[in-house]
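Open the model in your viewer and keep the selection tool at hand. We will move from stop to stop.

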Amino acid sequence: MSKHRTSAITAAATLVAVHLVLVTVRHGTQFASLWGNWTGAVSALLAAVVCWSAARSSGSFTRRGWRLVSLSLVLAFLNQFAYTYYFDYLHAPSAALWPSDILVFFWAVPAMMTFFLSPRDPSSGVRWLRVCDFVQVCTLVLALELSLLYIPSRWQSSEPVMFVRTFHVALLFFGVLALAFLVRGLLTPLRTARAFFFRLAAFFFVFGITTNTTRYAIAAGTYQQGTWLDLPWTVSYCLLAAIAAIWADPVPHKPESVEPWSPTMQLLAQFSPLLIPAIVFSLVLRIAQEQFLWSAFLVTVSFAAASARLFVVQSQLLYSSQELQKNLSLLRGITEGTTDSIFVKDLQGRYLMINSAGARLLGRTVEEVIGKDDADLFTPENGREIMAADRKVVDSGKTQTYEEVGISAGVARTYLSTKGPHRDSNGEIIGLLGICRDITDRKRAEEEFRQSQQKLRIHFEHTPLAVVEWDTQLRITEWSPSAERVFGYSRNEVLGRDASFLVPSALREHIDRIGQEILNQEGGTRSTNDNITKDGRTISCEWYNTPLVDESGQVLGVASLVQDVTERVALEERLRQSQKMEAVGRLAGGVAHDFNNLLTVIMGYSQILTDGLPGASRLKDATTQIRSAADRAAGITRQLLAFSRKQVLSPRVIDLNDVMLNLDTMLRRLIGEDVEVLTVPGRDLGAVRADPGQIEQVIMNLALNARDAMPTGGKLTLETENMELDASYASEHEPLQPGRYVMLAVSDTGTGMSPDTQTHIFEPFFTTKEVGKGTGLGLSMVYGIVKQSGGYIWVYSEPDRGSTFKIYLPRVDQPAETVGVEPRPAGVKRGTETILLVEDDAQLRQLTSSVLAHCGYKVLTAGSTEEGLALCRENHRDIRLLVTDVIMPSMNGRQLAEQVKLISPSTRVLYVSGYTSNAIVHYGVLDPGLWFLPKPFSLSALIAKVREVLDAGHDAPQGEHPQ
């Protein structure tokens, strides 16, 4: 509640309290009467001020109403003031005519004028009809008072009787007035007016009770001054002050409309005030002898006001008639001056009126159209469709705009029609009004434009580019939805702003310089820079800028197409990293291939030397060291092959929980007591297809790395879990594909890694350990095994926050196999079969040939595939086994074997290689039906594998257990 309203209510309550104290303390005294009357007068004045204040904060209708009520209360204050002066100061006789007697009913006249208010009245200006009505009501009330109450002879002859009569008249007057306000409120359709009249009805009801209670006491001769009967006068005025103080125009849920009056009500409203002079004349005849001047004045004023009202009404009618003639002429000029068809139809669809343009559109004259319907003017079927649409408009009672096709004389044309119901003065629908425009040519152009716009819109809505337009001050004038998606700002947030909020502070001068270059048409049409989004993220964007130049060459602004290339930049970085890893892998694989040949020779000859030396020979220790060094070198080549994904795997369907739990005891021994090892196997874990030995190697390497990262102890956690990776996760972890995976996570609480270190950890020979403490091949081997197994690996780490390696292997819907131990050959078996050996490395060829010959085999050696084929053709009846390198010039081992099979189908093949290729291995898995021996190999392994292949049955699954 506002301060003014609170003050008004407080003042009203104070006046009531003061009057209550007066009556209580000085009951029945002249003092209580005098100051009680003054309190009532001040209450009326307070109510007048509050009502005027309520008018200032009200709408047009209630503003006028509260002002009239305020004027009535000013008259009530004057009435109370005059009564106090004559009653309490002059003690004038009641039979005399006091000034307050004139105002006893007259003060309510301004409030009564609210009956005549209408929402249709203008909100400003002088309303002469209302002035005439006010004068008429004033004369009527004065005539009523003088004729019924203030006849001097009757007061002199029978004062008690006149007091009783005054009571009856007041009871009837204020009762009728309260009832009239109540009925007026019930009849009005406006919520605001209804609330206003109900409040006035309540006030006059209370005031009627107040005044008539006092008048009854006076008539009964029991009235005493300064008693409780004086208090209700103050209460009634303070009640109206409180009503006005809390007044607020009700807010309608929808705009209130005023229904037009019927012609009968309009005539009654216009001419009913003319009856007032007759009523006034009949009333003043009763007092003409005693109050002749008053009678003549009232009759004259009443008839003058009625005449003035007639004059105003006649002037308004004349003005309206002239305006109507002007409007008719204007309407005729409009209908005939437009190229649109304007027409009126009756309810049967017959034309009552049509302009010349409409007749021309139909190819007829106005006379030929009047009286006909659309079925007569268009084709019958088309005409019935138009008439059906017209009936829908009439039935709806609302104006509608739509397109329709009219076919006349074999020509179809499209019209834009606006049609609505035609109503008479009572609001009854008597026909149809319509305006039609021929838009055939426009529709054709619109269709062409629509198709063009549709193509442009489809391109605009589906392009990932944001569109931004700038004025010559480089302030944003247009901001597309794509721009909202890229930068996060809505259109309203950016219009009128410069580019400073989109770029880092360090780039603002550079951006301003580019903007000036574009405006000067000196360059800057394309740029790539960092931008800042609404949520504070930094993104990389490519800007394609074009100056907007009009026909005169003046630059109007700049149009920019913006592409968010943040993901592309990240992908390019990942691609570069992947390409680097691939290149390093190819290099490592190539080195390992050549190195494996050398290691096989070294290991073979060292074994021959060791076997040929006496047990007490001093050289035996030297040969043992040579073999040990060769074994360590072979380990390095295996790690390089693992990284380059060139090793041969023996994948099986396994349960990672089994692998992890089998290593638990060994890990605890290797890690040490100062590191807590926690294994968390996943529930209902799915199976994966992988080489169990290689997975064990992955876990061991990651665990040992974690131990080295926790020199003072810590916690190592190994856990597994089923994962469903969606497209959103995959897009952030290229090149991972969405799907079902089994996750193996190895976490530690160690020193962690910086972002720069994380970008290099999978590179061969990269290590953060001291010199001599590591080869830098452990994590690269892990990377190679995971990738070759079809999985993915990511590292999550922060300095001093530990590290987590997460491996995702594809899940398979097959039961896991039990991992067993392969049997080893018991001893060396000799043979006498003929073997064809094809190896391009001379030293390795010599070593292998001598070993096999030593074991009793007949060996045919070839240094190339061409030489091997020649030997095969010469000895195809004797050859039982082909031992061939896989990677050789001109022809690989698989192709050589196929040629040998054509010559000697029964010959078996053993592939030997230190570097796999797609010749016999796909995705690291040996093709079924093949035997394979990886380099570097020991002589015993070679002899055992040769014997295994020769002794295998014809139905044996070849290559089932490659070594």
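Begin with the lining of the largest cavity, whose residues divide into 9 nonpolar, 2 polar and 4 charged. This is a predicted model. The space in this cavity comes to about 160 Å³.

**Stop 1: the centre of the largest cavity**

Select Phe343, Tyr351, Leu362, Phe378 and Cys436. Of the 15 lining residues, these are the closest to the cavity's centre.

Next, colour β1 (341-346), β2 (351-354), α14 (356-361) and β4 (411-423). Each of these elements supplies at least two residues of the lining. Which element gives the largest share of this lining? It is β1, with 3 residues.

**Stop 2: the second largest cavity**

How many cavities of 30 Å³ or more does the structure hold? There are 2. Go to the second largest, which has a volume of about 60 Å³.

Select its lining in two steps. Start with Leu837, Val838, Glu839, Leu844, Thr848 and Val883, which are among the lining residues. Then add Thr884, Asp885, Val912, Lys935, Phe937 and Leu942, which also line this cavity.

Now show the elements around this space. β18 (834-838), α30 (842-854) and β20 (879-885) each give two or more residues to the lining of the second largest cavity. β20 gives the most, with 3 residues.

Colour this lining by residue type. You should find 7 nonpolar, 2 polar and 3 charged residues.

**Stop 3: helix α13**

Select residues 292-337, which form helix α13. Place a distance label between its two end C-alpha atoms. They lie 66 Å apart. Why does that agree with the helix's 46 residues? At 1.5 Å a residue, the helix should span 68 Å, so the two values agree.

Stay on α13 and pick out its buried residues. Among them are Ser295, Leu298, Val299, Ser302 and Ala305. Continue with Ala306, Arg309, Val312, Val313 and Thr335, which are buried too.

**Stop 4: confidence**

Finish by colouring the chain by pLDDT. The chain averages 79, and 81% of the residues score at least 70.

Select residues 252-258. Here the pLDDT is below 50, and the stretch has 9 contacts in the model beyond near neighbours in sequence. Then select residues 955-963. The pLDDT is below 50 here as well, and beyond near neighbours in sequence this stretch has 19 contacts in the model.

Notes: Residues numbered from 1 in each chain as written. Predicted model: local features only at pLDDT ≥ 70, side-chain atom pairs only at ≥ 80, totals over all residues. Heavy atoms only, no water. pLDDT = per-residue confidence, 0-100. Contact = heavy atoms within 4.5 Å. 1 Å grid on protein atoms, 1.4 Å probe; cavity = no way out; pocket = protein on both sides within 12 Å on 5 of 7 lines; lining within 4 Å. Points joined across faces, edges and corners; volume = space filled by probe spheres on them. Helix = DSSP H or I, 4+ residues; strand = E, 2+ residues; numbered from the N terminus. Nonpolar A, V, L, I, M, F, W, Y, C, P; charged D, E, K, R; others polar. Expected span 1.5 Å × (residues − 1). Buried < 20%, exposed > 50% of the residue type's maximum accessible area, 1.4 Å probe, protein only.
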